[in-house]
Structure formats: structure tokens, C-alpha cells
Amino acid sequence: MTEFKYFKLGDLFKIEKVTGFNKNELRNNANGKYDYVTRTSLNNGVESITDKVPNRIPNEPHTFSLGLLQMTFFYRERPWYAGQFVRKITPKFKNSDLVNLYMLTCLRKISRILLGVLVRDVDNTFNNISIKLPIDTKTNELDFKYMEELDFKYMEDRVKALEQDRVKALANYLTVTGLDDYELTDNDKKVLSYKPKFKDYKIWDIFKVINTHSILKSQVAKLSEGNTPYLTAAEGNNAVFSYINCPKEWIDEGNCVFIGGKTMVVTYQEKDFCSNDSHNLALYFKQDEYRKPLIQQYFVGVIRKALSQKYSWGDSISKSKIKKDIISLPIDKKGDIDFQYMEIYIKAVQKLTIKNVVKYKDRVIAKTKEIVN
């Protein structure tokens with residue numbers, strides 16, 4: 001049986017500030033070799049792809065980035081440049097992509113701790129946090145004082161096994177739901193190339209905005225597991241921290257846009273849920289006929305794009321502040337909000353996303369068959 005031991009992050013990694021610069025210096029190229037990483041929690045932290053930027057030294061690949069807005073960790077396989085408020089985390093051990101993916105999961109578990117400290121204290125806090133890792137006392141390769149203990153083979157094997165399990169489940173899911181059909185129709189191609197006119201609207205005029213209930217984790221710990229999502233403001237897993245048997249008086253109605261008040265994490269919540277903080281906001285369409293999943297997913301993207309750079313941990317969004325916030329929406333020939341376009345557009349985007357997922361799944365399955373044969 002594999003044994004585990006706690007290690008301080010400061011002994012495993014070096015965390016440091018990196019030179020950030022603005023987007024206008026980039027040489028954008030979708031096929032470029034360099035990622036431009038910002039504090040965004042989307043798209044693996046990548047805001048743009050660029051060619052080499054003159055007079056700017058890129059950060060090394062096989063490192064990690066930490067976006068200080070939502071304390072989100074990402075693994076960087078390629079050389080990368082940074083925007084503002086980003087840290088670079090470099091392993092002190094001889095690593096591999098699989099080991100780094102294992103470590104990434106461990107790092108992401110500490111995001112909640114870092115969200116509770118001031119930015120100036122992040123480095124010191126990071127260095128003093130301990131994480132539990134597998135050990136192998138038989139290993140004698142000595143890269144640094146803990147190298148002889150870390151079981152890198154276990155980490156790699158664990159990631160490989162999880163990948164295989166997920167790919168099998170993914171293949172079954174795509175087949176059952178029909179999502180393995182990702183070919184774009186002529187209408188899909190038309191809507192993706194269509195450039196609608198846009199008009200500004202107040203969020204307050206479109207949505208009924210409420211503060212969610214507040215249920216502390218200490219209260220949740222006393223509850224049994226259940227089917228109600230317990231939401232926090234953390235990025236990842238659609239803001240779901242766990243599933244609990246939630247009392248009716250604590251439940252907020254689902255089928256809404258959910259905003260993590262302190263972090264500006266925006267998600268669509270299909271089911272009724274419980275929330276960890278009354279700073280979180282639930283947005284419900286004033287016109288019920290537009291409370292459709294695809295339309296609300298479009299609004300998730302719009303709200304995130306409009307407000308993610310405006311609000312931060314120290315200046316978080318609130319019910320009173322959102323009254324003045326503006327979003328830009330597509331309009332039809334009559335000048336009304338084009339909800340139909342939103343729905344068709346999201347359907348087409350889903351196909352594009354699924355296309356990449358299906359191709360990834362097929363590559364992994366083909367590689368596995370090759371190894372087995």
C-alpha cells in the first residue's frame with residue numbers, strides 16, 4: 001500500500017513574481033508558440049496566443065501559473081508571457097507532464113486558503129502550506145533533499161489510470177447523449193460567421209437579482225450527503241463544492257445565473273442549490289420564457305466578460321453595485337434583444353467544443369489500443 005507524507009510547498013516549489021506587460025505588446029497569432037497568461041480563470045489562464053515578443057523574455061515551460069484574482073493554478077506546457085497579477089511556480093524536482101498534472105490537483109486544493117489572504121502575503125502563505133504526497137523510500141535519485149521520498153511513478157500511474165477511466169466514461173456519455181455528432185450544419189456555420197449588431201442594457205432591467213442564503217461550511221459539515229449542490233465562489237466544477245442534504249429553508253431556486261460575489265465566478269445553475277455566502281448573487285430573468293439553459297449560458301459569458309476585470313476580492317460585486325452595470329447584447333432587426341440568436345450560437349459553440357473533446361477521446365483510445373497490441 002502506498003504511504004503518504006506531508007511536504008511544505010516552499011521545499012517543493014519556487015514561487016516568484018514575473019514581469020507582466022499589457023496586451024498591446026503582443027504579436028497575436030493563433031498558431032504562435034507562446035501563451036499570454038493573465039489572471040483569468042478561463043481557457044487554462046490563456047488570454048491570447050502570440051509569436052515571440054521583442055525585448056520580452058518568456059517564462060519557461062513545464063512550470064505553473066497562479067492568477068491572483070481567483071487564486072487559480074494552471075500547468076504551463078509551453079513557454080509563456082504574463083499579464084498583471086500572475087505568479088510563476090517552478091518545481092524544484094525532476095518533473096514530467098504527468099507528475100505536474102498530479103501536482104496541479106494538489107495545488108488547486110489550496111486555492112481556498114490563498115483566497116483568504118492579502119495578495120502581499122500570498123508568497124509566504126504558499127511556502128508554508130503543507131500538502132500530502134505519496135512517498136517511496138526505496139528511491140535513491142537525489143535531486144533535492146526530498147527527492148528520495150517522493151513516489152513519482154505512483155503519481156504518473158495514477159494520472160494515467162484516471163485518464164483511462166474518464167475517457168471510457170466520456171465515450172459512453174457522448175454516445176448516449178448523441179453529442180458525438182459534432183459536424184456543423186450550414187446554419188451552424190452561418191450563425192458563427194454572422195456579426196449581429198449590439199446594444200447596451202442594464203443587468204438590473206433584465207434580471208431580478210437576489211442575495212443567496214448563507215450556509216457556513218461548519219454547518220454543512222453537520223449535514224449528511226445528499227443531492228443538493230452546495231455552491232461556493234471558487235472556480236472549477238461549476239462552483240459546486242459538494243452535494244448535501246440541505247434543509248428546505250436554505251435552498252435557493254435554480255435555473256439561474258449564479259455569481260460568486262467575492263471572486264466574480266459566473267456559472268449557470270440548473271438545479272436548486274445551497275450557497276455558502278450571502279454575498280453571492282442569483283440572477284433570474286424577469287421574463288420567464290427566456291429562462292432556457294442555452295440562453296442563460298450565453299449570459300454567463302457576457303456577464304463574465306463585462307465584469308470580471310471590474311471587480312476583485314477587495315472590491316467585490318454586490319446587489320447594489322450591479323444596479324449600474326451594463327452588458328452588451330445582440331439585437332434583431334426590430335432592435336430587440338435577439339434571444340433566438342443566443343440559443344443557436346451556443347448550440348454551435350457546443351459542437352465546436354465537443355469536436356475537440358471527441359478528437360481527444362479518440363486519440364487516447366487509439367493510443368491505448370496501440371500499447372495493448
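**Overall architecture and a three-stranded sheet**

Of the 373 residues that make up the protein, 43% count as buried in this predicted model. The accessible surface amounts to about 21,000 Å², and carbon and sulfur atoms account for 49% of that area. The side chains include 60 that are positive and 47 that are negative, with the centres of these two sets lying 4 Å apart.

With regard to overall dimensions, the C-alpha trace spans about 70 × 50 × 50 Å along the principal axes of the protein. A compact globule of 373 residues would be expected to have a radius of gyration near 21 Å, and the value of 23 Å found for the protein therefore agrees with that expectation. When contacts between residues at least 6 apart in sequence are considered, 68% of them join residues that are at least 24 apart.

The secondary structure of the protein comprises 10 helices and 18 strands. Among these elements, 3 strands form an open sheet, in which the order is S13-S12-S16 and the pairing is mixed. Strand S13 (240-244) and strand S16 (274-275) occupy the edges of this sheet, and because each has a single partner strand, one side of each is left without a neighbour in the sheet. Strand S12, which covers residues 225-231, runs antiparallel to S13 and is joined to that strand by 5 bridges. Within this part of the structure, Thr228 stands opposite Ile244 in S13.

Conventions. Residues numbered from 1 in each chain as written. Predicted model: local features only at pLDDT ≥ 70, side-chain atom pairs only at ≥ 80, totals over all residues. Heavy atoms only, no water. Helix = DSSP H or I, 4+ residues; strand = E, 2+ residues; numbered from the N terminus. Rg over C-alpha atoms; globule rule 2.2 N^0.38 Å. Buried < 20%, exposed > 50% of the residue type's maximum accessible area, 1.4 Å probe, protein only. Contact = heavy atoms within 4.5 Å. Areas by Shrake-Rupley, 256 points an atom, 1.4 Å probe, with all protein chains shown as cover. Lys, Arg positive; Asp, Glu negative; His and termini not counted. Charge placed at Lys NZ, Arg CZ, Asp CG, Glu CD. Pairing = 2+ DSSP bridges.
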